[in-house]
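Dear colleague,

Please find below the structure that I am handing over to you, with its sequence. My notes on what was found in it follow directly after.

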Amino acid sequence: MSVIRIEGGRELHGHIRIQGSKNAALPILAATVLVPGTTVLSNCPDIRDVDLMKKLLESMGCRIQSCRGRMEIDASGISQCHLQKEYIEGMRSSIILLGAMLGRFGKACIGYPGGCVIGERPINYHLMALRELGADISIEEDQILASASCLIGKEITFPISSVGATENALLAAVSAKGVTVLKNAATEPEITALCRFLIAAGADIEGLGTRTIKITGGPLHEVHYQIPPDRIVAGTYLLTVAAAGGRVSFEDIPLQELTGLTDCLRTMGIELQCQNDAVEIISSAKYRAIPYLATEEYPGFATDLQPQMAAALTCAEGNSIIEERIFDNRFGYAKQLEKMGASVMHEGRRLLIRGTKKLHGADIEAADLRGGAALILAGLMADGVTYVKGCRYVERGYEDIVRDLSAVGARIKYAD
Ligand code: EPU
(Lines give C-alpha, C1' and ligand atoms only; values in the text may rest on other atoms or scores of the structure.)
Protein backbone atom coordinates (compact mmCIF):
# COMPACT_ATOMS: atom_id res chain seq x y z
CA MET A 1 0.00 0.00 0.00
CA SER A 2 2.98 2.32 0.10
CA VAL A 3 3.22 3.14 -3.64
CA ILE A 4 0.42 5.12 -5.28
CA ARG A 5 -0.02 5.37 -9.05
CA ILE A 6 -1.70 8.48 -10.40
CA GLU A 7 -2.75 9.38 -13.93
CA GLY A 8 -3.06 13.15 -13.83
CA GLY A 9 -5.00 15.66 -15.84
CA ARG A 10 -8.55 14.73 -14.83
CA GLU A 11 -11.04 17.08 -13.25
CA LEU A 12 -12.63 16.04 -9.95
CA HIS A 13 -16.41 16.01 -9.48
CA GLY A 14 -18.65 14.80 -6.67
CA HIS A 15 -18.71 14.80 -2.92
CA ILE A 16 -16.20 14.09 -0.13
CA ARG A 17 -16.91 13.36 3.52
CA ILE A 18 -14.26 14.68 5.90
CA GLN A 19 -12.86 12.21 8.47
CA GLY A 20 -12.37 12.95 12.18
CA SER A 21 -9.35 15.02 13.17
CA LYS A 22 -6.03 13.29 13.82
CA ASN A 23 -4.58 16.08 15.93
CA ALA A 24 -7.74 16.31 18.05
CA ALA A 25 -8.16 12.53 18.45
CA LEU A 26 -4.58 11.79 19.59
CA PRO A 27 -4.39 14.03 22.70
CA ILE A 28 -7.99 13.09 23.59
CA LEU A 29 -7.02 9.41 23.44
CA ALA A 30 -4.07 10.21 25.72
CA ALA A 31 -6.48 12.04 28.06
CA THR A 32 -8.62 8.91 28.47
CA VAL A 33 -5.87 7.70 30.84
CA LEU A 34 -7.22 10.28 33.33
CA VAL A 35 -10.77 8.85 33.22
CA PRO A 36 -11.13 6.02 35.76
CA GLY A 37 -13.88 4.35 33.73
CA THR A 38 -15.06 4.11 30.14
CA THR A 39 -14.69 6.84 27.52
CA VAL A 40 -16.69 6.53 24.32
CA LEU A 41 -15.38 8.42 21.31
CA SER A 42 -17.19 8.67 18.00
CA ASN A 43 -15.88 9.85 14.61
CA CYS A 44 -12.38 8.59 15.49
CA PRO A 45 -10.29 8.56 12.29
CA ASP A 46 -9.11 5.14 11.08
CA ILE A 47 -5.45 6.12 10.63
CA ARG A 48 -2.04 4.71 11.57
CA ASP A 49 -1.30 7.21 14.36
CA VAL A 50 -4.62 6.43 16.08
CA ASP A 51 -3.78 2.74 15.79
CA LEU A 52 -0.40 3.37 17.45
CA MET A 53 -2.02 5.35 20.29
CA LYS A 54 -4.51 2.51 20.74
CA LYS A 55 -1.61 0.03 21.07
CA LEU A 56 0.05 2.27 23.67
CA LEU A 57 -3.16 2.51 25.70
CA GLU A 58 -3.69 -1.26 25.46
CA SER A 59 -0.15 -1.88 26.66
CA MET A 60 -1.06 0.16 29.79
CA GLY A 61 -4.03 -2.13 30.42
CA CYS A 62 -6.84 -0.18 28.74
CA ARG A 63 -9.53 -2.42 27.31
CA ILE A 64 -10.50 -1.02 23.94
CA GLN A 65 -13.25 -1.91 21.51
CA SER A 66 -13.47 -0.12 18.22
CA CYS A 67 -15.80 -0.34 15.28
CA ARG A 68 -16.42 2.14 12.44
CA GLY A 69 -15.06 5.21 14.16
CA ARG A 70 -16.59 4.43 17.55
CA MET A 71 -14.03 3.62 20.22
CA GLU A 72 -14.76 2.52 23.78
CA ILE A 73 -11.77 2.84 26.08
CA ASP A 74 -12.04 1.34 29.55
CA ALA A 75 -9.14 2.76 31.57
CA SER A 76 -10.42 1.60 34.98
CA GLY A 77 -7.82 -1.11 35.45
CA ILE A 78 -4.68 0.49 34.00
CA SER A 79 -1.26 0.53 35.56
CA GLN A 80 1.96 2.38 35.02
CA CYS A 81 4.18 0.27 32.77
CA HIS A 82 7.01 0.27 30.30
CA LEU A 83 5.79 1.66 26.96
CA GLN A 84 7.25 0.05 23.85
CA LYS A 85 9.96 2.19 22.22
CA GLU A 86 8.73 1.35 18.73
CA TYR A 87 5.25 2.82 19.45
CA ILE A 88 6.58 5.86 21.31
CA GLU A 89 8.97 6.69 18.48
CA GLY A 90 6.27 6.11 15.88
CA MET A 91 4.63 9.49 16.42
CA ARG A 92 4.84 12.84 18.13
CA SER A 93 1.67 12.59 20.22
CA SER A 94 3.03 9.79 22.42
CA ILE A 95 4.65 12.55 24.53
CA ILE A 96 1.18 13.72 25.60
CA LEU A 97 0.95 10.48 27.63
CA LEU A 98 3.57 12.01 29.94
CA GLY A 99 1.15 14.59 31.40
CA ALA A 100 -1.67 12.03 31.42
CA MET A 101 0.34 9.34 33.28
CA LEU A 102 1.71 11.87 35.73
CA GLY A 103 -1.85 12.96 36.46
CA ARG A 104 -3.15 9.40 36.92
CA PHE A 105 -0.23 7.66 38.64
CA GLY A 106 1.91 10.48 40.03
CA LYS A 107 4.79 9.06 37.99
CA ALA A 108 5.70 8.30 34.39
CA CYS A 109 8.53 6.88 32.34
CA ILE A 110 8.53 7.43 28.59
CA GLY A 111 10.99 7.53 25.68
CA TYR A 112 11.47 10.48 23.33
CA PRO A 113 8.68 10.85 20.75
CA GLY A 114 9.16 10.55 16.99
CA GLY A 115 6.93 12.10 14.34
CA CYS A 116 7.46 13.65 10.94
CA VAL A 117 10.95 14.92 10.16
CA ILE A 118 10.13 18.58 9.56
CA GLY A 119 12.82 20.23 11.67
CA GLU A 120 13.87 20.45 15.30
CA ARG A 121 11.05 19.35 17.57
CA PRO A 122 12.27 19.78 21.16
CA ILE A 123 10.06 19.09 24.18
CA ASN A 124 11.66 21.61 26.57
CA TYR A 125 8.40 23.54 27.12
CA HIS A 126 6.46 20.32 27.79
CA LEU A 127 8.94 19.50 30.55
CA MET A 128 9.04 23.12 31.78
CA ALA A 129 5.25 23.17 32.29
CA LEU A 130 5.21 19.83 34.14
CA ARG A 131 8.09 20.94 36.37
CA GLU A 132 6.24 24.19 37.18
CA LEU A 133 3.32 22.05 38.34
CA GLY A 134 5.64 20.26 40.75
CA ALA A 135 6.94 17.28 38.78
CA ASP A 136 10.45 16.09 39.35
CA ILE A 137 11.85 15.18 35.91
CA SER A 138 15.14 13.55 34.97
CA ILE A 139 16.47 12.08 31.74
CA GLU A 140 18.20 8.69 31.91
CA GLU A 141 19.40 6.82 28.84
CA ASP A 142 16.83 8.38 26.47
CA GLN A 143 14.02 7.85 28.98
CA ILE A 144 12.12 10.70 30.59
CA LEU A 145 11.40 9.88 34.24
CA ALA A 146 8.81 12.04 35.96
CA SER A 147 7.27 11.88 39.42
CA ALA A 148 5.16 14.12 41.63
CA SER A 149 3.70 13.22 45.01
CA CYS A 150 1.15 15.95 44.34
CA LEU A 151 0.80 18.27 41.34
CA ILE A 152 -0.01 21.84 42.42
CA GLY A 153 -1.73 24.42 40.20
CA LYS A 154 0.32 27.46 39.16
CA GLU A 155 0.53 30.28 36.62
CA ILE A 156 2.70 29.13 33.69
CA THR A 157 3.78 31.39 30.82
CA PHE A 158 4.94 29.66 27.65
CA PRO A 159 7.80 31.54 25.90
CA ILE A 160 6.37 30.40 22.55
CA SER A 161 3.02 28.98 21.58
CA SER A 162 3.24 25.19 21.44
CA VAL A 163 0.32 22.89 20.67
CA GLY A 164 1.86 19.81 22.33
CA ALA A 165 3.20 21.63 25.41
CA THR A 166 -0.22 23.24 25.99
CA GLU A 167 -1.85 19.78 25.74
CA ASN A 168 0.59 18.20 28.21
CA ALA A 169 0.13 21.09 30.65
CA LEU A 170 -3.68 20.83 30.36
CA LEU A 171 -3.66 17.12 31.24
CA ALA A 172 -1.39 17.60 34.24
CA ALA A 173 -3.36 20.69 35.36
CA VAL A 174 -6.75 18.93 35.47
CA SER A 175 -5.16 16.47 37.90
CA ALA A 176 -3.42 19.15 39.99
CA LYS A 177 -4.61 20.62 43.27
CA GLY A 178 -5.90 24.15 42.86
CA VAL A 179 -5.89 26.55 39.93
CA THR A 180 -3.51 26.57 36.95
CA VAL A 181 -3.38 29.47 34.52
CA LEU A 182 -1.66 28.82 31.18
CA LYS A 183 -0.49 32.02 29.50
CA ASN A 184 0.48 32.22 25.82
CA ALA A 185 -1.28 28.87 25.40
CA ALA A 186 -1.78 27.60 21.84
CA THR A 187 -5.23 28.44 20.40
CA GLU A 188 -5.39 25.77 17.67
CA PRO A 189 -8.87 24.15 17.36
CA GLU A 190 -7.37 20.86 18.58
CA ILE A 191 -6.66 22.52 21.97
CA THR A 192 -10.26 23.66 22.14
CA ALA A 193 -11.42 20.14 21.27
CA LEU A 194 -9.29 18.71 24.09
CA CYS A 195 -10.70 21.30 26.54
CA ARG A 196 -14.26 20.45 25.44
CA PHE A 197 -13.57 16.76 25.99
CA LEU A 198 -12.16 17.43 29.48
CA ILE A 199 -15.11 19.71 30.37
CA ALA A 200 -17.56 17.00 29.23
CA ALA A 201 -15.66 14.64 31.57
CA GLY A 202 -16.17 17.04 34.49
CA ALA A 203 -13.16 19.38 34.32
CA ASP A 204 -13.44 23.08 35.15
CA ILE A 205 -11.73 25.00 32.32
CA GLU A 206 -12.19 28.62 31.22
CA GLY A 207 -10.75 30.63 28.34
CA LEU A 208 -11.26 28.10 25.52
CA GLY A 209 -9.74 29.27 22.25
CA THR A 210 -7.86 32.13 23.95
CA ARG A 211 -4.20 32.59 24.93
CA THR A 212 -5.06 32.33 28.65
CA ILE A 213 -6.60 29.09 29.87
CA LYS A 214 -7.65 28.66 33.51
CA ILE A 215 -7.99 25.13 34.86
CA THR A 216 -9.25 24.13 38.30
CA GLY A 217 -8.16 20.59 39.10
CA GLY A 218 -10.68 17.91 39.98
CA PRO A 219 -11.68 14.31 39.25
CA LEU A 220 -12.96 13.24 35.82
CA HIS A 221 -15.84 10.89 35.07
CA GLU A 222 -17.00 8.69 32.20
CA VAL A 223 -17.80 10.57 29.02
CA HIS A 224 -19.04 10.28 25.43
CA TYR A 225 -17.42 12.71 22.99
CA GLN A 226 -17.45 13.20 19.22
CA ILE A 227 -14.13 13.94 17.52
CA PRO A 228 -14.53 17.04 15.29
CA PRO A 229 -13.77 16.91 11.55
CA ASP A 230 -10.15 17.25 10.40
CA ARG A 231 -9.42 20.79 9.19
CA ILE A 232 -6.12 19.76 7.57
CA VAL A 233 -7.65 16.87 5.61
CA ALA A 234 -10.43 19.28 4.52
CA GLY A 235 -7.83 21.86 3.48
CA THR A 236 -5.80 19.24 1.59
CA TYR A 237 -8.85 18.20 -0.46
CA LEU A 238 -9.91 21.82 -1.12
CA LEU A 239 -6.42 22.52 -2.50
CA THR A 240 -6.46 19.29 -4.51
CA VAL A 241 -9.70 20.26 -6.29
CA ALA A 242 -8.42 23.83 -6.77
CA ALA A 243 -5.28 22.46 -8.46
CA ALA A 244 -6.79 19.61 -10.48
CA GLY A 245 -9.95 21.54 -11.43
CA GLY A 246 -13.57 20.47 -11.13
CA ARG A 247 -16.47 20.91 -8.76
CA VAL A 248 -16.64 19.08 -5.43
CA SER A 249 -18.87 19.58 -2.40
CA PHE A 250 -17.93 18.83 1.21
CA GLU A 251 -20.14 18.23 4.19
CA ASP A 252 -19.30 18.91 7.83
CA ILE A 253 -16.30 20.94 6.80
CA PRO A 254 -14.89 23.11 9.62
CA LEU A 255 -14.76 26.18 7.37
CA GLN A 256 -14.53 28.68 10.25
CA GLU A 257 -11.21 26.98 11.16
CA LEU A 258 -9.86 27.38 7.62
CA THR A 259 -9.98 31.15 7.07
CA GLY A 260 -6.18 31.22 6.55
CA LEU A 261 -6.70 28.89 3.57
CA THR A 262 -10.00 30.23 2.20
CA ASP A 263 -8.55 33.78 2.08
CA CYS A 264 -5.72 32.38 -0.08
CA LEU A 265 -8.08 30.44 -2.35
CA ARG A 266 -10.03 33.65 -2.99
CA THR A 267 -6.79 35.53 -3.75
CA MET A 268 -6.00 32.77 -6.25
CA GLY A 269 -9.41 33.33 -7.90
CA ILE A 270 -10.95 29.99 -6.87
CA GLU A 271 -14.71 30.01 -6.32
CA LEU A 272 -16.10 28.76 -3.00
CA GLN A 273 -19.83 28.53 -2.36
CA CYS A 274 -20.53 28.19 1.35
CA GLN A 275 -23.77 27.33 3.11
CA ASN A 276 -23.82 26.52 6.83
CA ASP A 277 -21.47 23.52 7.25
CA ALA A 278 -21.37 22.66 3.53
CA VAL A 279 -19.08 24.09 0.90
CA GLU A 280 -18.65 23.61 -2.80
CA ILE A 281 -15.41 24.45 -4.55
CA ILE A 282 -15.38 25.22 -8.27
CA SER A 283 -12.09 25.47 -10.15
CA SER A 284 -11.00 25.64 -13.78
CA ALA A 285 -7.46 24.71 -12.63
CA LYS A 286 -6.30 28.18 -13.73
CA TYR A 287 -5.48 30.46 -10.84
CA ARG A 288 -3.27 33.31 -9.75
CA ALA A 289 -0.08 32.98 -7.68
CA ILE A 290 0.19 34.28 -4.11
CA PRO A 291 3.05 36.81 -4.06
CA TYR A 292 3.87 36.16 -0.39
CA LEU A 293 2.44 33.70 2.12
CA ALA A 294 3.75 32.90 5.62
CA THR A 295 2.68 30.03 7.86
CA GLU A 296 1.49 31.16 11.26
CA GLU A 297 -0.09 29.93 14.43
CA TYR A 298 -3.89 29.57 14.34
CA PRO A 299 -5.87 31.34 12.88
CA GLY A 300 -3.12 32.12 10.35
CA PHE A 301 -2.18 29.89 7.41
CA ALA A 302 -1.48 26.41 8.86
CA THR A 303 2.00 24.91 8.49
CA ASP A 304 0.25 21.55 7.91
CA LEU A 305 -1.14 22.91 4.62
CA GLN A 306 2.08 24.56 3.47
CA PRO A 307 3.38 21.64 1.29
CA GLN A 308 -0.02 21.14 -0.40
CA MET A 309 -0.30 24.89 -1.11
CA ALA A 310 3.25 24.97 -2.52
CA ALA A 311 2.43 22.06 -4.86
CA ALA A 312 -0.71 23.86 -6.08
CA LEU A 313 1.23 27.10 -6.65
CA THR A 314 3.77 25.40 -8.94
CA CYS A 315 1.14 25.72 -11.71
CA ALA A 316 -0.24 29.17 -10.79
CA GLU A 317 -0.06 32.19 -13.07
CA GLY A 318 2.90 34.13 -11.65
CA ASN A 319 5.46 33.71 -8.91
CA SER A 320 4.90 32.93 -5.23
CA ILE A 321 6.99 33.01 -2.08
CA ILE A 322 6.13 30.81 0.90
CA GLU A 323 7.83 31.45 4.23
CA GLU A 324 7.68 28.61 6.79
CA ARG A 325 7.70 30.16 10.26
CA ILE A 326 6.70 27.23 12.48
CA PHE A 327 9.16 24.43 11.60
CA ASP A 328 12.71 24.88 10.32
CA ASN A 329 12.85 22.08 7.75
CA ARG A 330 9.49 21.61 6.07
CA PHE A 331 10.43 21.87 2.38
CA GLY A 332 11.69 18.28 1.99
CA TYR A 333 9.12 17.63 -0.78
CA ALA A 334 10.44 20.46 -3.02
CA LYS A 335 13.15 18.32 -4.68
CA GLN A 336 10.49 15.79 -5.67
CA LEU A 337 8.36 18.53 -7.25
CA GLU A 338 11.41 19.57 -9.32
CA LYS A 339 11.49 16.05 -10.80
CA MET A 340 7.99 16.78 -12.13
CA GLY A 341 9.10 19.99 -13.85
CA ALA A 342 8.25 22.46 -11.07
CA SER A 343 10.41 25.55 -10.76
CA VAL A 344 11.05 25.85 -7.03
CA MET A 345 14.01 27.23 -5.12
CA HIS A 346 14.57 26.65 -1.42
CA GLU A 347 16.36 29.45 0.46
CA GLY A 348 16.46 29.04 4.24
CA ARG A 349 12.91 29.37 5.54
CA ARG A 350 11.57 30.44 2.13
CA LEU A 351 10.46 28.61 -0.96
CA LEU A 352 10.41 30.60 -4.19
CA ILE A 353 7.98 29.19 -6.73
CA ARG A 354 7.89 30.23 -10.38
CA GLY A 355 4.51 29.26 -11.81
CA THR A 356 4.78 26.90 -14.78
CA LYS A 357 2.09 25.77 -17.27
CA LYS A 358 2.17 22.05 -16.52
CA LEU A 359 3.94 19.43 -14.42
CA HIS A 360 4.77 16.02 -15.90
CA GLY A 361 4.50 12.60 -14.31
CA ALA A 362 7.57 11.18 -12.55
CA ASP A 363 8.71 8.59 -9.99
CA ILE A 364 8.85 10.48 -6.70
CA GLU A 365 9.06 9.67 -3.01
CA ALA A 366 7.28 11.02 0.06
CA ALA A 367 9.31 11.55 3.23
CA ASP A 368 6.59 12.84 5.57
CA LEU A 369 2.81 13.02 6.00
CA ARG A 370 1.83 16.42 4.56
CA GLY A 371 4.70 16.41 2.05
CA GLY A 372 3.31 13.08 0.81
CA ALA A 373 -0.18 14.57 0.40
CA ALA A 374 1.40 17.44 -1.58
CA LEU A 375 3.09 14.99 -3.98
CA ILE A 376 -0.20 13.16 -4.58
CA LEU A 377 -1.83 16.53 -5.32
CA ALA A 378 0.99 17.30 -7.78
CA GLY A 379 0.49 13.92 -9.47
CA LEU A 380 -3.17 14.76 -10.08
CA MET A 381 -2.20 18.08 -11.75
CA ALA A 382 0.51 16.53 -13.92
CA ASP A 383 0.36 15.20 -17.47
CA GLY A 384 1.10 11.46 -17.60
CA VAL A 385 1.73 8.90 -14.88
CA THR A 386 3.24 9.57 -11.44
CA TYR A 387 4.33 6.94 -8.94
CA VAL A 388 4.55 8.23 -5.36
CA LYS A 389 6.60 5.94 -3.12
CA GLY A 390 6.64 6.18 0.70
CA CYS A 391 2.89 6.69 1.01
CA ARG A 392 2.87 4.85 4.35
CA TYR A 393 3.58 8.32 5.81
CA VAL A 394 0.31 9.55 4.32
CA GLU A 395 -1.58 6.74 6.11
CA ARG A 396 -0.53 8.34 9.41
CA GLY A 397 -3.08 11.10 8.90
CA TYR A 398 -5.42 10.29 5.98
CA GLU A 399 -7.87 7.40 6.34
CA ASP A 400 -7.68 6.47 2.66
CA ILE A 401 -6.61 9.20 0.27
CA VAL A 402 -6.99 6.80 -2.68
CA ARG A 403 -10.60 5.99 -1.71
CA ASP A 404 -11.52 9.66 -1.22
CA LEU A 405 -9.96 10.96 -4.43
CA SER A 406 -11.02 8.08 -6.68
CA ALA A 407 -14.61 8.65 -5.48
CA VAL A 408 -14.50 12.09 -7.13
CA GLY A 409 -13.06 10.77 -10.38
CA ALA A 410 -9.30 10.80 -9.87
CA ARG A 411 -7.34 8.03 -11.62
CA ILE A 412 -5.44 6.95 -8.54
CA LYS A 413 -4.72 3.50 -7.11
CA TYR A 414 -2.34 1.53 -4.93
CA ALA A 415 0.43 0.14 -7.10
CA ASP A 416 1.61 -2.80 -4.96
N1 EPU B 1 8.74 23.86 20.26
C2 EPU B 1 9.81 24.06 21.09
N3 EPU B 1 9.80 23.46 22.33
C4 EPU B 1 8.76 22.67 22.74
C5 EPU B 1 7.67 22.46 21.87
C6 EPU B 1 7.68 23.07 20.63
O7 EPU B 1 10.75 24.77 20.75
O8 EPU B 1 8.81 22.15 23.87
C9 EPU B 1 8.73 24.50 18.92
C10 EPU B 1 8.75 23.47 17.79
O11 EPU B 1 10.06 23.07 17.49
C12 EPU B 1 8.09 24.23 16.65
C13 EPU B 1 7.08 25.12 17.38
O14 EPU B 1 7.48 25.15 18.74
O15 EPU B 1 9.04 25.04 16.00
C16 EPU B 1 5.64 24.64 17.30
O17 EPU B 1 5.56 23.29 17.72
P18 EPU B 1 4.27 22.71 18.45
O19 EPU B 1 4.66 22.19 19.77
O20 EPU B 1 3.15 23.70 18.37
O21 EPU B 1 3.91 21.49 17.48
P22 EPU B 1 3.59 19.99 17.87
O23 EPU B 1 2.73 19.95 19.07
O24 EPU B 1 4.83 19.19 17.85
C25 EPU B 1 1.39 19.92 16.47
C26 EPU B 1 0.82 19.03 15.38
C27 EPU B 1 1.58 19.29 14.09
C28 EPU B 1 1.43 20.76 13.72
C29 EPU B 1 1.93 21.64 14.87
C30 EPU B 1 1.73 23.12 14.62
C31 EPU B 1 0.05 17.08 16.55
C32 EPU B 1 0.21 15.64 16.81
N33 EPU B 1 0.96 17.64 15.77
O34 EPU B 1 2.74 19.54 16.60
O35 EPU B 1 0.95 18.49 13.10
O36 EPU B 1 2.20 21.03 12.57
O37 EPU B 1 1.23 21.28 16.09
O38 EPU B 1 0.39 23.40 14.37
O39 EPU B 1 -0.90 17.71 17.02
C40 EPU B 1 0.85 17.14 11.18
O41 EPU B 1 -0.31 16.83 11.51
O42 EPU B 1 1.32 16.86 10.04
C43 EPU B 1 1.70 17.86 12.13
C44 EPU B 1 3.02 17.94 12.00
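I begin with a pair of strands. Strand β4, residues 63-67, runs antiparallel to strand β5, residues 70-74, and 5 bridges link the two. Within this pair, R63 of β4 has D74 of β5 opposite. The hairpin that the two strands form has 2 residues between them, and R68 there adopts a positive phi near 45°. Please bear in mind throughout that this is a predicted model.

Two further points of backbone geometry deserve mention. N43 is a residue other than glycine with a positive phi, near 60°; its place is the loop that runs between β3 (38-42) and α2 (48-59). The peptide bond between Y298 and P299 is cis, with omega at about 10°. P299 belongs to the loop between β17 (293-294) and α10 (306-313).

I turn next to the ligand. It is surrounded by 23 residues, of which N124, S162, V163, D304 and I326 are the closest. Several polar distances may be useful to you at the bench:

- The side chain of N23 places an N or O atom 3.1 Å from an oxygen atom of the ligand.
- For P122, a polar backbone atom is 3.3 Å from a ligand oxygen.
- For V163, a polar backbone atom is 2.8 Å from a ligand oxygen.

On its own the ligand has 830 Å² of accessible area, and the protein covers 90% of that area.

The pockets were also examined. The largest has a volume of about 1,100 Å³. It is lined by 46 residues, and those closest to its centre are R121, V163, G164, I326 and F327. V163 and I326 are thus named both here and among the residues closest to the ligand.

Which helices supply at least two residues each to the lining of the largest pocket? They are α1 (22-31), α5 (124-132), α6 (163-174), α8 (231-244) and α12 (369-381). Of the elements that contribute, α1 gives the most, with 4 residues. By class, this lining comprises 18 nonpolar, 10 polar and 18 charged residues.

The second largest pocket has a volume of about 330 Å³. Its lining consists of 16 residues, and A285, K286, C315, K357 and K358 are the closest to its centre. Two or more residues of this lining come from each of α8 and α12, both of which also supply at least two residues to the lining of the largest pocket. By class, the lining of the second largest pocket divides into 8 nonpolar, 3 polar and 5 charged residues.

For a visual check, I would suggest starting with V163, whose backbone contacts a ligand oxygen at 2.8 Å, and then viewing the cis bond between Y298 and P299.

With kind regards

Terms used
Residues numbered from 1 in each chain as written. Predicted model: local features only at pLDDT ≥ 70, side-chain atom pairs only at ≥ 80, totals over all residues. Heavy atoms only, no water. 1 Å grid on protein atoms, 1.4 Å probe; cavity = no way out; pocket = protein on both sides within 12 Å on 5 of 7 lines; lining within 4 Å. Points joined across faces, edges and corners; volume = space filled by probe spheres on them. Nonpolar A, V, L, I, M, F, W, Y, C, P; charged D, E, K, R; others polar. Pairing = 2+ DSSP bridges. Near = heavy atom within 4 Å. Polar contact = N/O pair within 3.5 Å; in protein donor to acceptor, adjacent residues only side chain to side chain. Areas by Shrake-Rupley, 256 points an atom, 1.4 Å probe, with all protein chains shown as cover.
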